[in-house]
Amino acid sequence: FFNHTCNAGVAYYRMFNYATYISKEKNVSLAASQFQPLNQQVADWELALENEQYAKAHNMSKDKILDDFDMLMDICDIAVWQVCHTAMSFALFNLYIDKYKGKKPILMEVDDHLFGVNPENVGFSSYHPNSNNEFYAEMQLRNSNYVIASTDWLRDGDGVNEGLLKYNTHIEVIKNAIDFNIWDKY
């Protein structure tokens, strides 16, 4: 089960590209949270769980979202989550970490250095020291069974910036890749 939470570009290249690739393998079936590629900065399901007005305006039911998650998490062998952005999504992630402890791996996929974001970067408004998002990311990293990182630098750090190994020692690097079905092979 691939559960995206990040903006459309990150979700596409870091989650849906890989899901499409591995779905070609024998005896593999996949599920993924609904993908809305246009103008999405945070997953609709996260916003709907957090905000009743958003849920109603987008014809979404919190109960259905939670039922769908329960069903998908029950039937999957492995779950891959991106970083949680809301208190409700973070609570849901932790609920599943506790429920499936020792029964199935729950992974976190990370493609950005979420700690120490440059104040001039637009991401600083969400990921600044002592922010909720920084807390969610740190705790999610610590609680995940495994972490998927996009670069060796992100995993290891560089002496100035600490790598994700500070939070979790079970990290696999799966580098960013180009989808040659979209981009010219040259």
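Welcome to this structure, where a good place to begin is the salt bridge in which the side chains of E52 and K62 meet, at 3.4 Å from N to O. E52 belongs to helix α3 (residues 52-57) and K62 to helix α4, so this pair ties together parts that lie 10 residues apart in sequence. Please keep in mind that the model is a predicted one. The points below visit the salt bridges, a pair of helices, the aromatic rings, a residue in a strand and two loop residues.

**Salt bridges**

- Side chains of opposite charge can pair when their charged atoms come close.
- The structure holds eight salt bridges, and the pair of E52 and K62 is one of them.
- E52 has a relative accessible area of 41%, so E52 is partly exposed.
- K62 is partly exposed too, because its relative accessible area is 26%.
- A further salt bridge joins the side chains of E138 and R142, with 3.0 Å between N and O.
- E138 and R142 are about one helical turn apart, because they sit four residues from each other in helix α6 (residues 132-143).
- With a relative accessible area of 26%, E138 is partly exposed, and R142, at 37%, also counts as partly exposed.
- Helix α7 (residues 152-156) holds both D152 and R155, which are three residues apart, or about one turn of the helix.
- D152 and R155 form a salt bridge in which the closest N and O atoms are 3.4 Å apart.
- D152 counts as partly exposed because its relative accessibility is 33%.
- Both residues also take part in something wider: a network of salt bridges links D152, R155, D156 and K175.

**Helices α4 and α5**

- Helix α4 (residues 62-75) and helix α5 (residues 87-99) have axes that come within 12 Å and cross at roughly 30°.
- The crossing of α4 past α5 is right-handed.
- On the α4 side, the residues that meet α5 are L66, F69, D70, M73 and D74, and their partners in α5 are L92, Y96 and K99.
- Sorted by character, the residues of this contact comprise five nonpolar and three charged ones, with no polar residue.

**Aromatic rings**

- How many aromatic pairs does a search of the whole structure find? The search finds 11.
- F69 and W81 make a tilted pair, because their ring centres are 5.7 Å apart and their planes stand at 40°.
- This pair links distant parts of the chain, with F69 in helix α4 and W81 in strand β2 (residues 79-82), 12 residues apart.
- Are F69 and W81 buried or exposed? F69 has a relative accessible area of 5%, so F69 is buried, and W81 counts as buried at 0% relative accessibility.
- F69 and W81 also belong to one aromatic cluster, formed by F1, W45, F69, W81, F93, Y96 and Y100.
- Two members of that cluster, F69 and Y96, appear again among the residues where α4 meets α5.

**I148 in strand β4**

- I148 has its place in strand β4 (residues 146-149).
- Its relative accessibility is 12%, so I148 counts as buried.
- Which residues touch I148, leaving aside its neighbours within four places in sequence? I148 is in contact with R14, V80, L107, M108, E109, V110, E172 and I174.
- Among these contacts is V80, and strand β2 covers residues 79-82.
- N130 is 18 residues from I148 along the chain, and 24 Å separates the C-alpha atoms of the two.

**Two loop residues with positive phi**

- N27 is found in the loop between α1 (8-22) and α2 (44-50).
- Phi of N27 is near 60°, a positive value in a residue other than glycine.
- N27 has a relative accessible area of 83%, so N27 is exposed.
- N130 is found in the loop between β3 (106-110) and α6.
- For N130 phi is near 70°, again a positive value in a residue other than glycine.
- N130 counts as exposed because its relative accessibility is 77%.

Key. Residues numbered from 1 in each chain as written. Predicted model: local features only at pLDDT ≥ 70, side-chain atom pairs only at ≥ 80, totals over all residues. Heavy atoms only, no water. Buried < 20%, exposed > 50% of the residue type's maximum accessible area, 1.4 Å probe, protein only. Contact = heavy atoms within 4.5 Å. Axes fitted to C-alpha atoms, helices over the stretch in contact; angles between N-to-C directions. Left-handed = near helix turned anticlockwise from the far one by under 90°. Nonpolar A, V, L, I, M, F, W, Y, C, P; charged D, E, K, R; others polar. Salt bridge = Lys/Arg side-chain N within 4 Å of Asp/Glu carboxyl O. Phe/Tyr/Trp six-rings, centres within 6.5 Å; stacked < 30°, edge-to-face > 60°.
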